[in-house]
Amino acid sequence: MSRLTTRPPPASMRAMPRPMSPPRLVLDRVRRSWFIRDHYAFIRLGVPEHERAAAEKRLGEYLAQKHVPEVGPNPWVADVLGVYAQERLPQTRAARKAAYNALSLIKFWGTMRVNEITPSNCLAYAANRTPAAARRDLEVLSAALRWWHKHREPLAPLPSLVMPPRPEPRERWLTREEAARLLWASRHVEHLKRFILLGLYTGSRSGVILSLEWSWIDLERGVMRRRARGQAETSTKRTPPVRLGRKILGFLRRWKQGSEGLVVHYRGQRLQELGSSWITACARAGLKDVSPHTLRHTRATWLMQQGVDLWQAAGHLGMSPGVLQKTYGHHHPDYQGDAAEV
């Protein structure tokens, strides 16, 4: 951000004090771009008129930098979320998604204090969201409250949130014919083709594939790491190394020729998400209710259908045997085989 100008107030205004307006967005109708008006300061953003959402995001960042949270046993919920977003979210793997959850929360809870986080208000919030979305949002709010309680000021008491039940695991997976159609539809989009092949052959999560660097892959041993050296593994998202099969190794060796840096990229730049390229390919392939995470479901299902040992499959996917058994075990050819014949 760059300041346009800061000018002293007129003498008449100095003689007649009035409440100060909060920082706000203003459209420069000459340059057709947005700037922030903060009392007598004008901060140009360099954001064109048609990108209102980007300008609002910059305003939010400006307010976060300017605002000093009120510390106490009963703070504003907006302050709790703001501190969590600044101090904790940058250290998490799902920072971008959690930031969207926080924005949804602020629209409802932003003018409330922590003691207003009651079961009835939690239910009122969930009533205007899908159960899955409401649960994800409230999980972020719960994490923010725990962070404030531990690192800022103890909350008395620490609120207990009422959340919708966990949704049933999604079981949408691709048949081999559907996977072939999806690959055919993405054949001219190099980054998408690579993403799909890596998802089908390793079962890795989207974030791992989009972050994957050539230094993580040992083409001689046929082993791929799922995180950079020294990067900590979270307790919920396991990222063990994966043994690469002959087919995906062949693809990787062809892609590697003269390449450095990221394996999946768009003109050398890292992708945060696949966006419209995924949607377009799915439409061309005639696939519905399919997301990038479906590739992980597909890999797990195929492993079970082929009768792969449960422990090997779980290690290959970076998934606990219990979760694999519960979600995909019924695809195994030996599923309850002995029990069914009694």
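Glutamate 190 sits at 35% relative accessibility, so it counts as partly exposed. In this predicted model, its salt-bridge partner is arginine 194, with the closest N and O atoms 2.8 Å apart. Both belong to helix 8, and because they are four residues apart there, about one helical turn separates them. Arginine 194 itself is buried, at a relative accessible area of 10%.

Now follow Arg194 inward. Valine 263 touches it, and beyond its sequence neighbours within four places Val263 is also in contact with Leu198, Leu212, Glu213, Trp214, Ile217, Leu252 and Trp255. That brings us to the largest nonpolar core, 36 residues in total, where Val263 ranks among the residues with the most contacts, along with Leu182, Leu198, Ile217, Leu252 and Trp278. Helices 7, 8, 9, 10, 11 and 12 each put in at least two residues, and helix 8 gives the largest share, six. Apart from this core there's another one of 24 residues, including Val114, Tyr125, Ala144 and Leu155.

Back to the charges: the structure has 13 salt bridges. One of them pairs arginine 129 with aspartate 137, again with 2.8 Å between the closest N and O atoms. Here Arg129 is the partly exposed partner, at 32% relative accessibility, while Asp137 is buried at 0%. Arginine 221 and aspartate 218 make another bridge, with their closest N and O atoms 3.8 Å apart. Arg221 is exposed, with a relative accessible area of 57%, and Asp218 counts as partly exposed at 26%. Finally, Arg135, Glu139 and Arg166 are tied together in a salt-bridge network.

Definitions and conventions. Residues numbered from 1 in each chain as written. Predicted model: local features only at pLDDT ≥ 70, side-chain atom pairs only at ≥ 80, totals over all residues. Heavy atoms only, no water. Core = buried A, V, L, I, M, F, W, Y, C linked by side-chain atoms within 4.5 Å. Buried < 20%, exposed > 50% of the residue type's maximum accessible area, 1.4 Å probe, protein only. Contact = heavy atoms within 4.5 Å. Salt bridge = Lys/Arg side-chain N within 4 Å of Asp/Glu carboxyl O.
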